[in-house]
Amino acid sequence: KQWYQRRVAITAGGRGAGDAKEWYPCTKLGRLVKDGMIKKIEEIYLFSLPIKEAEIIDFFLGSKLKDEVLKIMPVQKQTRAGQRTRFKAFVAIGDFDGHIGLGVKCSKEVATAIRGAIILAKLSVIPVRRGYWGNKIGTPHTVPCKVTGKCGSVLVRLVPAPRGTGLVSAPVPKKLLSMAGFEDCYTCATGQTATLGNFAKATFAAISATYAYLTPDMWSPTVFTNSPYQEYTDYLAKPFVKQPKKEVKY
């Protein structure tokens, strides 16, 4: 276990090395975000627009996002010449205030696997719905209702808990729940929870189910508006011109 922890310690320091480069969006959504047409990330979730660029998440949540490497495990493939070893990284990312993402990446090197997992985690960031255990006093602190997530044999159930309970959970779901912004929650898990990848994915599926459940307080009639693509059709029809870099003379 120690040999890859040493490698992670060496490589993890340079995670944000490429952040200094200017972002040139490749997608329509990226153009709208960079040019200030979309003001909040909730507008993207409202219309279920697929996010294909990690920089969109950085634009809205960049400073608040924290990432954590859950596990790095070597995986092997049998070839004619012997075994080919690669490294699989599990990374969770969240702002501790209603947004959580989970990324898994396999690569020849630990540093590349971590970097790829962080990008995939950003692309998978979802909004988290929080609620109350009893009376609606103060800020939402727990899951709004009982929710379940499953991956492989692992089944994770999240149950609302009264304020002050804390996160009654195993270490892996506890990290994900705290990153999502939950303060109190009971959990129940069955299956082979020693398989960390499936345990984390099942917890992530349960957290994402919080917005999939339609509670009576969301029964009010929905007022439909145009999606950003329809609203800014004329703007998107114009060709995107990449601004030339300014030369600095010394």
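**Exercise 1. In what order do the 4 strands of the open sheet lie, and is the pairing parallel or antiparallel?**

Keep in mind that this is a predicted model.

Step 1. Walk across the sheet: the order is E1-E2-E3-E4, and the pairing is antiparallel.

Step 2. Look for the edges. Strand E1 (66-79) and strand E4 (126-127) sit there, each pairing on one side only.

Step 3. Take E1 with strand E2 (residues 82-94). They pair in the antiparallel sense over 13 bridges, and the hairpin they form has 2 residues between the strands. To check the register, find Pro-74, which stands opposite Phe-87 in E2.

Step 4. Move on to E2 and E3, which are antiparallel and joined by 8 bridges. Here Ile-93 stands opposite Gly-101 in E3. This hairpin has 4 residues between its strands, and Phe-96 takes a positive phi near 60 degrees in it.

**Exercise 2. Work out which strands helix H6 lies across, then do the job for H7, which packs on the sheet**.

Step 1. Helix H6 (residues 171-180) lies across E1, E2 and strand E3 (99-107), and runs at about 130 degrees to E3.

Step 2. Helix H7 (residues 196-208) touches E1, E2, E3 and E4 as it packs on the sheet, and its direction makes about 150 degrees with that of E3.

**Exercise 3. Describe how H4 and H5 pack**.

Step 1. Start with the geometry: helix H4 (residues 54-61) and helix H5 (residues 110-123) pack at an angle of about 70 degrees, their axes 8 Å apart.

Step 2. Classify it. Angles of 65 to 115 degrees count as roughly perpendicular, so H4 is roughly perpendicular to H5.

Step 3. List who touches whom: Ala-54, Ile-57 and Asp-58 come from H4, and Ile-119, Lys-122 and Leu-123 from H5.

Step 4. Sort that contact by class, and you get 4 nonpolar, no polar and 2 charged residues.

**Exercise 4. Which residues have the most contacts inside the largest nonpolar core, and what supplies this core?**

Step 1. The largest nonpolar core has 29 residues, and Ile-100, Leu-158, Phe-182 and Ile-207 have the most contacts inside it.

Step 2. Now trace the suppliers. E2, E3, strand E5 (147-151), strand E6 (154-159), H6 and H7 each bring at least two residues, with H7 giving the most, 7 residues.

Step 3. Zoom in on Phe-182. Setting aside neighbours within four places in sequence, its contacts include Val-128, His-141, Val-143, Leu-167, Leu-177 and Ile-207.

Step 4. Don't stop there: a second, separate core of 28 residues includes Trp-23, Val-33, Val-91 and Ile-93.

Notes
Residues are numbered from 1 along each chain as its sequence is written. This is a predicted model: local features need pLDDT of at least 70, side-chain atom pairs count only at pLDDT 80 or more; totals for chains, interfaces and linings use all residues. Side-chain values use heavy atoms; hydrogens and water are left out. Axes are lines fitted to C-alpha atoms, for helices over the stretch in contact, and angles run from 0 to 180 degrees between N-to-C directions. Angles under 35 degrees count as roughly parallel, over 145 as roughly antiparallel, 65 to 115 as roughly perpendicular and the rest as oblique. Contact means heavy atoms within 4.5 Å. Ala, Val, Leu, Ile, Met, Phe, Trp, Tyr, Cys and Pro count as nonpolar, Asp, Glu, Lys and Arg as charged, and the others, Gly among them, as polar. Two strands pair if DSSP finds at least two bridges between them. A nonpolar core is a set of buried Ala, Val, Leu, Ile, Met, Phe, Trp, Tyr and Cys residues joined through side-chain atoms within 4.5 Å. Buried means under 20% relative accessible area, exposed over 50%, partly exposed in between (1.4 Å probe, protein chains only).
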